[in-house]
Amino acid sequence: MECVFCKIYKKRLGIIFENEYFYAQFDRFPVSPGHAEIIPKRHVVSLFNLTDEEWKFLKPALLKIIKIIETT
């Protein structure tokens, strides 16, 4: 069975950012204005399961998503 995040990614539903390892979307049930989710493209149980390479791409992704949030 395909996970919900894979379905979103395949349909390109509401994706606001993407790089080699992550994509982001605004949360469908936000707890605050600008609430966004950053989702790894690879299935992982925890952030602690990210590879060193994925960690290198996460911080720039966060910074870009913050700029997107601030300009919307």
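The legends below describe an overall view and several close-up views of a predicted protein model.

Residues are numbered from 1 along each chain as its sequence is written, and side-chain values use heavy atoms, with hydrogens and water left out. Because this is a predicted model, local features need pLDDT of at least 70 and side-chain atom pairs count only at pLDDT 80 or more, whereas totals for chains, interfaces and linings use all residues.

**Figure 1. Overall view of the protein, with two helices and three strands.** The elements follow the order α-β-β-β-α from the N terminus on; helices (H or I, at least four residues) and strands (E, at least two) are DSSP runs, numbered from the N terminus. The radius of gyration is 12 Å, close to the 11 Å that the globule rule gives for 72 residues, so the protein is as compact as a globular protein of that length. This radius is taken over C-alpha atoms, and the globule rule is 2.2 Å times the number of residues to the power 0.38. Along the principal axes, the C-alpha atoms fill a box of roughly 30 × 30 × 20 Å. Of the 72 residues, 19% are buried, where buried means under 20% relative accessible area, exposed over 50%, and partly exposed in between (1.4 Å probe, protein chains only). Among contacts (heavy atoms within 4.5 Å) with a separation of 6 or more, 33% are between residues 24 or more positions apart.

**Figure 2. Surface and charges of the protein.** The accessible surface comes to about 5,400 Å², and carbon and sulfur atoms account for 63% of this area. Accessible areas come from the Shrake-Rupley method with a 1.4 Å probe; for residues, only the protein chains shown count as cover. The protein has 11 positive and 9 negative charges, and the mean positions of the two sets are 4 Å apart. Lys and Arg count as positive and Asp and Glu as negative, while His and the chain ends are not counted; the place of a charge is taken as NZ of Lys, CZ of Arg, CG of Asp or CD of Glu.

**Figure 3. Close-up of Asn-19 in the loop between β1 (15-18) and β2 (22-26).** Asn-19 is buried, at a relative accessible area of 13%. A polar atom of the Asn-19 side chain lies 3.3 Å from the backbone oxygen of Phe-57. Leaving out residues up to four places away in sequence, Asn-19 touches Lys-41, Phe-57 and Ala-61.

**Figure 4. Close-up of Gln-25 in strand β2.** Gln-25 counts as buried, with 4% relative accessibility. Its side chain is joined to that of Glu-37 by a polar contact of 2.6 Å. A polar contact is a pair of N or O atoms within 3.5 Å; within protein, one must be able to donate a hydrogen and the other to accept it, and residues adjacent in sequence count only if both atoms are side-chain atoms. Beyond four places in sequence, the residues that Gln-25 touches are Ile-8, Leu-13, Gly-14, Ile-16, Ala-36, Glu-37 and Ile-39.

**Figure 5. Close-up of Phe-26, also placed in strand β2.** Phe-26 is partly exposed, at 29% relative accessibility. When neighbours within four places in sequence are set aside, Phe-26 is in contact with Gly-14, Ile-16, Gly-34, His-35, Ala-36, Ile-68, Ile-69 and Thr-72. The C-alpha atoms of Phe-26 and Ile-8 are separated by 12 Å, and these residues are 18 apart along the chain.

**Figure 6. Close-up of Arg-12 and Leu-13 in the loop between α1 (4-11) and β1.** Arg-12 has a phi near 60°, a positive value in a residue other than glycine. Its relative accessible area of 44% makes Arg-12 partly exposed, and Leu-13 is likewise partly exposed, at 40% relative accessibility. Apart from residues up to four places away in sequence, Leu-13 touches Ile-8, Gln-25 and Arg-28. Leu-13 and Arg-42 are 29 residues apart along the chain, and their C-alpha atoms are separated by 18 Å.

**Figure 7. Close-up of Ile-39 in strand β3 (residues 36-40).** Ile-39 counts as buried, at 7% relative accessibility. Neighbours within four places in sequence aside, Ile-39 is in contact with Phe-5, Tyr-21, Phe-22, Tyr-23 and Gln-25. Ile-39 and Phe-5 lie 34 residues apart in sequence, with a C-alpha to C-alpha distance of 7.6 Å.
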